[in-house]
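Colleague: I would like to learn how to read a model of this kind feature by feature. Could we begin with the idea of exposure and then work outward to the fold as a whole?

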Amino acid sequence: MKLPRNFFKPLAIGAPMPLRELPVRLERMIHFVPPHIEKLRRKVPELIAQVDVVLGNLEDAIPSDAKEAARRGFIEMAAACDFGATGLWTRINALNSPWALDDVVEIVGAVGGKLDVVMLPKVEGPWDIHYLDQLLAQLEARHRLARPILIHAILETAEGVQNVAPIATASPRMHGISLGPADLAASRAMKTTRVGGGHPDYKVLADSAGETHERAAFQQDLWHYTIAKMVDACAACGIKPFYGPFGDFSDPLACEAQFRNAFLMGCAGAWSLHPTQVPIAKRVFSPDPAEVAFAKRIVEAMPDGTGAVMIDGKMQDDATWKQAKVLIDLARLVAAKDPDMGSRYGL
């Protein structure tokens, strides 16, 4: 077992010091780009101003005969663009694939200085994080990178969900964890072919009021337990939980409902797989202006965060002051990216 005093030491001689706090960044949506398609790569410079994170996807949805082209396309895209405050991520192939090692070695060697996060699919335990952690440290040292590249895990197997707490604490590189509902459903032998969202057959019925009375049915959330477990694991160690993909592009209302459930439960953002999902994620994962206005009143009434006051008949104390600060800090991040929202927040 690694001793606590060694947790924040670099894993390779010459590698940068691990971060003790995550960078403060707005990450309402992680927007997936298939980098083997040149037409979509050409849209990235315009996309950078519209999203919080651009992710070059190398794994699922990339055909096996296009894996190397996707890797080359991501390197070309990363080298050509100035991402500014927008995050640059890549989702590499799974560690048990023949492409994962070259994904990491070639990308870090070519554009590691611009890369913020490596998303690792199908993480089953802390051992997967340890492997990538060590490899990244060696490559950072070789290429003399000044800052560490972070790791974001995807929960896509029953074993990964079982081990989510040790995954969250596996490395100071841990940025966050996303739910991967499609692969997780297959791992659990769940009887659904949907990518995220609810299912009409997963429901509860109202009590019977007689055989002739039609009973109301209420659809339930297949992912509530897993999201809650993931959020707790992330919150306990100061990293970020994310909802993953919502695959039905034709149903924006259901997408918004699923994103909002995740937001209310504590998720920082969600994946956007289609341009129509970007404004949904912006709307859902930005704090409500009315909530921000009330938060500002709390902070103004309690400048140092101590004591207790009454506002509109509701008691406010140091706990609600902390909640208010969370909302205001998030609103400031949103305002810096989105001037229209900044004006609505009065910031």
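Modeller: A residue is called buried under 20% relative accessible area, exposed over 50%, and partly exposed in between. Please keep in mind throughout that this is a predicted model.

Colleague: With those cut-offs in hand, how does Ala189 count at 45% relative accessibility?

Modeller: Ala189 counts as partly exposed, because its relative accessibility of 45% falls between the two limits. As for its place in the chain, Ala189 sits in the loop between helix 8 (181-188) and strand 7 (203-205), and its phi is positive, about 60 degrees, although Ala189 is not a glycine.

Colleague: Which other residue has a positive phi although it is not a glycine, and where does it lie?

Modeller: Ala61 has a positive phi of about 80 degrees, and it belongs to the loop that runs between strand 2 (53-57) and helix 3 (67-80). Ala61 has a relative accessible area of 73%, so it is classed as exposed.

Colleague: Let us turn to the whole chain. How many helices and strands does the protein have?

Modeller: The secondary structure consists of 14 helices and 12 strands. The radius of gyration of the protein is 22 Å, close to the 20 Å that the globule rule gives for 347 residues, so the protein is as compact as a globular protein of that length. Along the principal axes, the C-alpha trace spans about 65 × 60 × 45 Å.

Colleague: What do burial, surface and contacts look like for the chain as a whole?

Modeller: Buried residues account for 48% of the 347 residues, while the accessible surface comes to about 17100 Å², with 55% of it belonging to carbon and sulfur atoms. Of the contacts between residues at least 6 apart in sequence, 70% join residues that are at least 24 apart. The charges can be read in a similar way: the mean positions of the 38 positive and 41 negative charges are 5 Å apart.

Colleague: What is the general idea behind looking for a nonpolar core?

Modeller: In soluble globular proteins, nonpolar side chains tend to be buried together. Here the largest nonpolar core has 67 residues, and those with the most contacts inside it are Val54, Phe74, Ile129, Ile177 and Phe259. A second, separate core has 11 residues, including Leu55, Trp89, Ile154 and Trp271.

Colleague: Which residues surround Val54, once its neighbours within four places in sequence are left aside?

Modeller: Val54 is in contact with a set of residues that includes His31, Val33, Val44, Leu47 and Ile48, and also Met77, Phe83 and Trp89.

Colleague: A lysine might be examined next. Is Lys67 buried or exposed?

Modeller: Lys67 counts as buried, because its relative accessibility is 5% and the limit for burial is under 20%. This residue is found in helix 3, and, leaving aside neighbours within four places in sequence, Lys67 is in contact with Leu58, Glu59, Asp60, Ile62, Asn93 and Trp99. The C-alpha atoms of Lys67 and His36 are separated by 7.9 Å, although the two residues are 31 residues apart along the chain.

Colleague: How should one read a glycine in a loop, taking Gly112 as the case?

Modeller: One can ask for its place, its burial and its partners in turn. Gly112 is in the loop between helix 4 (100-111) and strand 4 (117-120), yet at 4% relative accessibility it counts as buried. Leaving aside neighbours within four places in sequence, Gly112 is in contact with Ile107, Leu145 and Ile149, and its C-alpha atom is separated by 7.7 Å from that of Glu140, 28 residues apart along the chain.

Colleague: Finally, how do Pro126 and Glu159 read, the one in helix 5 and the other in helix 6?

Modeller: Pro126 lies in helix 5 (residues 126-142) and is buried, with a relative accessible area of 17%; not counting residues up to four places away in sequence, Pro126 touches Pro166, Ile167 and Ala170. Glu159 lies in helix 6 (residues 158-162) and is partly exposed, with a relative accessible area of 36%; with the same neighbours in sequence left out, Glu159 touches Glu124 and Trp127. Between Glu159 and Asp312, which are 153 residues apart in sequence, the distance from C-alpha to C-alpha is 48 Å.

Methods: Residues numbered from 1 in each chain as written. Heavy atoms only, no water. Helix = DSSP H or I, 4+ residues; strand = E, 2+ residues; numbered from the N terminus. Rg over C-alpha atoms; globule rule 2.2 N^0.38 Å. Buried < 20%, exposed > 50% of the residue type's maximum accessible area, 1.4 Å probe, protein only. Contact = heavy atoms within 4.5 Å. Areas by Shrake-Rupley, 256 points an atom, 1.4 Å probe, with all protein chains shown as cover. Lys, Arg positive; Asp, Glu negative; His and termini not counted. Charge placed at Lys NZ, Arg CZ, Asp CG, Glu CD. Core = buried A, V, L, I, M, F, W, Y, C linked by side-chain atoms within 4.5 Å.
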